[in-house]
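Some terms used for a protein model rest on cut-offs, and it helps to see each value set beside its cut-off. The questions and answers that follow do this for salt bridges, burial and cavities.

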Amino acid sequence: MAISLDTLATLHSLEFDEVIDVRSPAEYAEDHIPGAISLPVLSNEERARVGTIYTQDSPFKARKLGAALVARNAAHHLETTLADRPKGYRPLVYCWRGGQRSGSFAMILRQIGWQADTIDGGYRAYRRLVQSALYDAPWPSPVILLDGNTGTAKTELLTHLAAEGIQVIDLEGLANHRGSVFGAMADAQPAQKKFETRLAAARTPLSPDRPVVVEAESSKIGQINLPPGLWTAMRAAPRLVIDAPLSARAEYLVRRYRDVTEDAHRLPYILRTLSAHHPAERIEHWLELADEGALVPLATQLMAHHYDPLYNRQRARHDTGTQKSFRMDDLSPTALARAAPALAQAINDLSAG
């Protein structure tokens, strides 16, 4: 039986033990339904081979080859990943369009006695719901921006706000990027589709009568674009601005960007990319500080000469809503945790107007 998904919330209400993505590994890597496991019935190479035969030779030959490959791969999954599944196992299976791949695999599972169903329209149907939620529907809850210059621990503060019961979405976490030239993470950013799936999943449970706090960003985080509806809501949102001294921010940045500073090649490379924006003498001085391990002075100068002026220019263009400040003289982990209740109260006060 094919299950129809009317809304994104429908998926979470279904009573299945597991969601299985039987598309190729490349399709799964680009994007997949959150929580789905990958059990491809055709590998990347097999899918390409079957497709070539279908279009260039014979659909009949392609289907015959595809059936043999699906059966062979299904047997492997049954002998490995699915070997310990119990008698009452209920999987939900999907492929690209809810057609032959998922239908074939689900039929094999049903022959065993498992209650396997498929998704009507497959991943493509789910993708349409994601696009509709992010590009057609208005943003569901009021937005409050957590703002502040570089190094004010905004991302960590979001985690503390969530622990206080505030609705938050960590956009940088979803995009796997810290939102600056130094912000690339060890793992690559997700594809735009995967980011949108993550964002839609975070959007779905939001309560419309409570604000959601997001970090103040530009419309692009690394290579990821924010959907226009969210960006419009962010531009008009009130801001709670974290105000912290330069010294505390510099110490925080050194702690936060340890993966960059401990890479002997990465830090100098990034500093040189700033040469189009600063005099050569300044870049050379920064490189010397990096070479000497003088990271706090380096962070201080980067903020004073690069990031703070950049942020000020951006705010001058986009600040249109209410703005309140929240002072923090200490950005250590202990201080951030200690400040969380007062920060949550400030968010609620700002929401109340």
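A salt bridge is a side-chain nitrogen of Lys or Arg within 4 Å of a carboxyl oxygen of Asp or Glu. This is a predicted model, in which local features need pLDDT of at least 70 and side-chain atom pairs count only at pLDDT 80 or more, while totals for chains, interfaces and linings use all residues. Residues are numbered from 1 along each chain as its sequence is written, and side-chain values use heavy atoms, with hydrogens and water left out.

Q: Why is the contact of Arg 127 and Glu 196 called a salt bridge?
A: The N to O distance between the two side chains is 2.7 Å, and the cut-off is 4 Å, so the pair counts as a salt bridge. Arg 127 lies in helix H6 (residues 122–136) and Glu 196 in helix H9 (residues 192–203), 69 residues apart, and the pair thus links distant parts of the chain.

Q: Why does Arg 127 count as buried or exposed?
A: Buried means under 20% relative accessible area, exposed over 50%, and partly exposed in between (1.4 Å probe, protein chains only). Arg 127 has 12% relative accessibility and therefore counts as buried; its partner Glu 196, with a relative accessible area of 2%, is buried too.

Q: What makes Arg 178 and Asp 259 a salt bridge, and which class of accessibility does each have?
A: Their side chains meet at 2.9 Å, N to O. The residues are 81 apart in the chain, Arg 178 in the loop between helix H8 (171–175) and H9, and Asp 259 in helix H12. Arg 178 has a relative accessible area of 7% and so is buried, whereas Asp 259, at 34%, counts as partly exposed.

Q: Which residues are linked in a network of salt bridges?
A: The network links Glu 18, Asp 84 and Arg 85. Within it, the side chains of Arg 85 and Glu 18 meet at 3.0 Å, N to O, and both residues are buried.

Q: What makes an empty space a cavity, and how many are found?
A: On a 1 Å grid over the protein atoms alone, a cavity is a set of points where a 1.4 Å probe fits but cannot get out, and lining residues have an atom within 4 Å of a point. The search finds 1 cavity of 30 Å³ or more, and the largest cavity has a volume of about 210 Å³, a volume being the space filled by probe spheres set on the points, which are joined across faces, edges and corners.

Note on methods
1 Å grid on protein atoms, 1.4 Å probe; cavity = no way out; pocket = protein on both sides within 12 Å on 5 of 7 lines; lining within 4 Å. Helix = DSSP H or I, 4+ residues; strand = E, 2+ residues; numbered from the N terminus.
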